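Work through the exercises below with the coordinates open. Try each task before you read its solution.

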Amino acid sequence: MKNDQISLGWNFSNSYVKLPTLFYSKQNPDPVEEPEIVIFNEVLAKQLGLNIIEHRKEAAAVFAGNQTPEGAIPIAQAYAGHQFGHFARLGDGRAILLGEHVTPDEERFDIQLKGSGRTPYSRGGDGRAALGPMLREYIISEAMHNLGIPTTRSLAVVTTGEPIHRETVLPGAILTRIASSHIRVGTFQYAANWGDKENLKTLADYTINRHFPDLEQSEERYLNFLREVINRQAFLISKWQLVGFIHGVMNTDNVTISGETIDYGPCAFMDTYDPATVFSSIDREGRYAYGNQPYIGAWNLARFAEALLPLLDDNQEQAVELAEKEISKFSELFGKYWLDGMRAKLGLMDEGQEDEELIKDLLQLMQEYRADYTNTFRALTLDKLDGEKLFEKEGFQLWYQRWQHRLNSQQEKETAIRLMRKSNPAVIPRNHRVEEALNAAVEEEDLSVMEKLLDALADPYAYSKQQEEYCEFPASTDQPYRTFCGT
Ligand code: AMP
Ligand code: MG
């Protein structure tokens, strides 16, 4: 057994368990009846230095939690979080961190099993996950990675051979999630509320060492730490906005310190451009609507800053002032990343005074004429203006002339087109295609639809023939698309 484990390529080195036990509970995954790999990520496995193909059975046992690989020290992590504005003590209720795997390139990644059974933080939950939602996380997280957006990743999904009970009986599954860490804003809120100042400092020092080692020697270490986390989140959320990604449940426990997108529950990509777009069935007031994401990002970071206050200054008033000053920079940072990204989407390589207005006017027109977000930019990139009502409107034609004029102020036409191709995905995981793939996988045990979709999403900027069918807008229905979380 031990030899098999070694040949799989695991190389665990666990640092999180060296933190005070306040931050976690040792917890083995619950073994499952019949582990079977549904899908695994060969490319990612290679990058991690893992050899799954030749050790499929051993790998399945690990991914199911039936076998603990050599060197792993399974834990459930403690954290808290503001969920839709309400503060709660949480923790990994259905996930186990096997440990940190160090790749041949010396990179450290958390290996987490999601859906692996109850933990001390499960509250009323069963600790389990259903196949559909785990495959959904697999598809969307890998699509996000391929779009060039920082994210946790998906190494594998296994079925457990056990039914789970939701509104109906569903096949149980476990996702193996890879993250640069699972430290969240909620982890700091937990330290601030259930630990003492020393615990908070220990967590901050640990996180700085793991994610921001350059700050270790800096004088105002914790203030710089806050600044960097704000910066990474501003960058991340700008990336979401630029591709039309709606996270759906931006609670503080779902905000990583590393700046990776995490927790693909009710997330979805927007089709028609509308800032009020919401997909999540539980987000009745549109708190996490597309257009709100930057504001919620700033709100979440303010909660992070609050948790850090004791480390910013011994004088509370002074600490609050410092924190507020940093938080107030979020909107400017976000705005800059967003504007840079939008310029690139329109092929603008330098900064023009009129750019922001040009961009906002386009978005306004897209909203007015209910244009598809991705396909509009795709059409502009290909300079093939069909498929949208928008393109026939006089307002758009006037805008187009302004844009051409602005483009002509630049020398290099070819470079501008290349920039647009790199910045405007030809495909996104459209909701109806994701549903179609999940239905085939869950209802028919047919993975081929999902594999084909994953293929099309492997390079969203390829503009290949094979991707064309995935650009089609869904047939209109009376029912708005709805997503669900915690399932
Ligand atoms: P999420 O909405 O996935 O971010 O989860 C919020 C909290 O609920 C986290 O603490 C989860 O661990 C917990 N949770 C979600 N689903 C379950 C479940 N089936 N069993 C136990 N805990 C769960
Ligand atoms: Mg979560």
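The exercises that follow use a predicted model.

**Exercise 1. The nonpolar cores**

Task: Find which residues have the most contacts inside the largest nonpolar core, and which helix gives the most to this core.

Solution:
- Step 1. Count the members. The largest nonpolar core holds 121 residues.
- Step 2. Rank them by contacts inside the core. F188, F225, L380 and W399 come out with the most.
- Step 3. Assign members to helices. Helix α7, residues 221–243, gives the most, with 12 residues.
- Step 4. Look for a separate set. A second core has 26 residues, including L50, V62, F63 and V158.
- Step 5. Take one hub of the largest core and list its partners. Leaving out residues up to four places away in sequence, W399 touches L346, L358, D361, L362, L365 and L380.

**Exercise 2. The shell of ligand 1**

Task: Describe what surrounds ligand 1, and which polar atoms its oxygen atoms approach.

Solution:
- Step 1. Collect the shell. It has 17 residues, and G91, G93, D126, G127 and D263 are the closest.
- Step 2. Sort the shell by class. There are 8 charged, 7 polar and 2 nonpolar residues.
- Step 3. Check backbone partners. A polar backbone atom of G91 is 2.6 Å from an oxygen atom of ligand 1. For G93, a backbone N or O atom lies 2.7 Å from a ligand oxygen atom.
- Step 4. Check a side-chain partner. An N or O atom in the side chain of N254 is 3.2 Å from an oxygen atom of ligand 1.
- Step 5. Compute the cover. Ligand 1 taken alone exposes 480 Å², and the protein buries 85% of that.

**Exercise 3. Helix α3**

Task: Why is helix α3 largely enclosed by the rest of the structure?

Solution:
- Step 1. Apply the cut-off: buried means under 20% relative accessible area.
- Step 2. List the residues of α3 that pass. They are E58, A59, A60, A61, V62 and F63.
- Step 3. Compare with the helix length. Helix α3 spans residues 56–63, and 6 of its 8 residues are buried, so the rest of the structure largely encloses it.
- Step 4. Link to Exercise 1. V62 and F63 also belong to the second core.
- Step 5. Look just past the helix end. There G65 takes a positive phi of about 85°.

**Exercise 4. Positive phi outside glycine**

Task: Where do E106 and R370 lie, and are they buried or exposed?

Solution:
- Step 1. Recall the background. Most residues other than glycine have a negative phi.
- Step 2. Read the angles. Phi of E106 is near 70°. Phi of R370 is about 50°.
- Step 3. Place them. E106 sits in the loop between β6 (95–102) and β7 (108–114). R370 sits in the loop between α11 (355–368) and α12 (373–382).
- Step 4. Apply the cut-off: exposed means over 50% relative accessible area. E106 has 66%, so it is exposed. R370 has 52%, so it counts as exposed too.

**Exercise 5. R210, S154 and R402**

Task: Classify R210, S154 and R402 by accessibility, and find what they contact.

Solution:
- Step 1. Start with R210 in helix α6, residues 197–211. Its relative accessible area is 15%, so R210 is buried.
- Step 2. Find its partners. The R210 side chain reaches the backbone oxygen of S180 at 2.9 Å. Beyond four places in sequence, R210 contacts S15, E100, R108, D110, S180 and S181.
- Step 3. Move to S154 in strand β9, residues 153–165. At 0% relative accessible area, S154 is buried.
- Step 4. Find its partners. The side chains of S154 and S141 make a polar contact of 2.8 Å. Contacts of S154 beyond four places in sequence include N41, L44, E137 and Y138.
- Step 5. Finish with R402 in helix α13, residues 394–408. Its relative accessibility is 36%, so R402 counts as partly exposed.
- Step 6. Find its partners. Past four places in sequence, R402 contacts E357, L358 and D361. R402 and L358 are 44 residues apart in sequence, with C-alpha atoms 7.8 Å apart.
- Step 7. Cross-check with Exercise 1. L358 and D361 are also among the residues that W399 touches.

Methods. Residues are numbered from 1 along each chain as its sequence is written. Chains are lettered from A and ligands numbered from 1 in the order in which they are written. This is a predicted model: local features need pLDDT of at least 70, side-chain atom pairs count only at pLDDT 80 or more; totals for chains, interfaces and linings use all residues. Side-chain values use heavy atoms; hydrogens and water are left out. A nonpolar core is a set of buried Ala, Val, Leu, Ile, Met, Phe, Trp, Tyr and Cys residues joined through side-chain atoms within 4.5 Å. Buried means under 20% relative accessible area, exposed over 50%, partly exposed in between (1.4 Å probe, protein chains only). Helices (H or I, at least four residues) and strands (E, at least two) are DSSP runs, numbered from the N terminus. Contact means heavy atoms within 4.5 Å. A residue is near a molecule or strand if one of its heavy atoms lies within 4 Å of it. A polar contact is a pair of N or O atoms within 3.5 Å; within protein, one must be able to donate a hydrogen and the other to accept it, and residues adjacent in sequence count only if both atoms are side-chain atoms. Accessible areas come from the Shrake-Rupley method with a 1.4 Å probe; for residues, only the protein chains shown count as cover. Ala, Val, Leu, Ile, Met, Phe, Trp, Tyr, Cys and Pro count as nonpolar, Asp, Glu, Lys and Arg as charged, and the others, Gly among them, as polar.
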